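Biologist: I'm new to this one and would like a tour of its pockets and cavities. Could you pull it up for us?

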Amino acid sequence: MKSEEAIETTRDATAADLRQNASGDRKSKASGTGRRTVNVGSIVSHTLLVIIALLVLFPFFWMLDTALKPNSQVFEFPPSFIPSTIKWGNFVEAWTYLPFGHFIFNTLVVAIGGTFLVLLTSSLAAYAFARLQFPGRDAIFVLYLGTLMVPQAVLVVPQFFLIKDLGWINTYQALILPMAFTAFGTFLLRQFFKGIPIEMEEAAKIDGCSRLRILFQIILPLSTAALGVLGLFTFVAFWNNFLWPLIVVNTPDQATIPLGLQMFQGQHAQAWNYMMAGSTISIIPGLILLIFVQKYLVRGISLTGMGGR
C-alpha cells in the first residue's frame, strides 16, 4: 500500500510540474510577443529622439566647425562642413588676444555668488509662503508672482541710478545683488515645500527646533532636486546675462564673458573663427554643471510645479 501511495504521489507531482512548465511556456511566449511590440515602439521613439537631438546639436556643431576653420573659409559658398585645414590655434588666439581667462573668472564669481544668494533668498521666501500663517499671505504671494511679468528693461534705469548712488559701478555686487531676488525661484521651491509632510515639522517643533533650523536641517535636505533645478537655471541666467553687465561695467577688468565676446567682435570684426572659438570655450562650464546636476534636473522637474504637480 505504501508503495502504491508513493507511486501516486510521484505521478501527481510529475503532472503538476508538467502543467507548471506548460503555463511558463505560454507566459514566456506572451511576454516575448509583448517585448517584440515594445521593441518596435522603442526603435521608432529612439529614432525620433536621435533626429531631434541632431537638430538641436547642429548649431553647436556649426559653432565648433567654424572655430576650427581658417577665417577665409567661414563664409565660403557652398559651405564646407569639414575644414580643409583644422586650426586648433584659433582657441589659443581667442584665449590670449583678450584676457579671456579673466572674463571667465569674473563670470564664475558672479554666477556662483548670484546662484548662492538666489537659493538662499528663494528658500527663505518659499518657506514663509508655504508654511507660515500671516495676514495677506496669499495676496502678497500673487503680487510677488506678478513681478515676473515686469520686463527687465523697465527696471534697468532705476536700478542703475541706485547702483550709481551707492558707488557700485564696476563691482561684483552691482552684477549680483539686483538679480539675487527672484519670484520664479520662490514659486518653484514653494511648490516643492508644500509637498513635504507637515508632520515632520511638527515633530521637530516638539523637540524644540526653531523655524530656521527646521528649514536648513529638514526641509532643504529633502529638497535637493528642486534646489538643483533652480541652481542650474540661475547659474545659466547669470552666465549668459548681457544687458545688465553692459550697463554697470565699463572696464575690461570687470567684464563677463558676454561682454568679452562683444569686445572681441569689435576688435576683430571679420575674425568670426576666433569669435566662435571663444563661444565654444564659454559653454564648457555650463556643460560640466549640466552633467553633474542632470539627475536632479529630471527629478526636480517631475516633482515640482514645472511637472504639472
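Biologist: What volume does the largest pocket have?

Modeller: Keep in mind that this is a predicted model, and that the values here are computed from it. Of the 22 residues that line the largest pocket, the closest to its centre include Gln152, Pro178 and Phe181. As for its volume, the largest pocket comes out at about 720 Å³.

Biologist: Which helix gives the largest share of the lining of the largest pocket?

Modeller: Three helices each supply at least two residues there: helix 5 (152–166), helix 7 (183–193) and helix 10 (224–240). The largest share is five residues, and it comes from helix 10.

Biologist: And how many residues of that lining are charged?

Modeller: Let's go through the classes. In the lining of the largest pocket, 16 residues are nonpolar and six are polar. The count of charged residues there is no charged at all.

Biologist: Moving on, how much space lies in the second largest pocket?

Modeller: Look around Phe60, Val236, Asn240, Ile283 and Gly286, the closest to its centre of the 18 residues that line it. The space in this second largest pocket is about 450 Å³.

Biologist: Which helix gives the largest share of the lining of the second largest pocket?

Modeller: The elements that give two or more residues are helix 1 (2–67), helix 10, helix 12 (257–267) and helix 13 (272–303). By class, the lining has 14 nonpolar, four polar and no charged residues. The largest share is six residues, from helix 13.

Biologist: What about closed spaces: how much space lies in the largest cavity?

Modeller: The structure holds one cavity of 30 Å³ or more. Val110, Leu175, Phe238, Asn241, Trp244, Pro245 and Thr256 line the largest cavity, and by class they are five nonpolar, two polar and no charged. The space inside this cavity is about 40 Å³.

Biologist: Where is confidence lowest and where is it highest, going by the helix means?

Modeller: For the protein, the mean pLDDT is 80, with 81% of residues at 70 or more. Confidence is lowest in helix 1, at a mean of 67. It is highest, at 92, in helix 3 (residues 100–131).

Biologist: Last one: how many contacts beyond four places in sequence does the model have for residues 305–309?

Modeller: Over that stretch, 305–309, pLDDT stays under 50. The model's contacts beyond four places in sequence for these residues number twelve.

Notes: Residues are numbered from 1 along each chain as its sequence is written. This is a predicted model: local features need pLDDT of at least 70, side-chain atom pairs count only at pLDDT 80 or more; totals for chains, interfaces and linings use all residues. Side-chain values use heavy atoms; hydrogens and water are left out. On a 1 Å grid over the protein atoms alone, a cavity is a set of points where a 1.4 Å probe fits but cannot get out, and a pocket is an open set with protein on both sides within 12 Å along at least five of seven lines; lining residues have an atom within 4 Å of a point. Grid points are joined across faces, edges and corners, and a volume is the space filled by probe spheres set on the points. Helices (H or I, at least four residues) and strands (E, at least two) are DSSP runs, numbered from the N terminus. Ala, Val, Leu, Ile, Met, Phe, Trp, Tyr, Cys and Pro count as nonpolar, Asp, Glu, Lys and Arg as charged, and the others, Gly among them, as polar. pLDDT is the predictor's confidence in each residue, from 0 to 100. Contact means heavy atoms within 4.5 Å.
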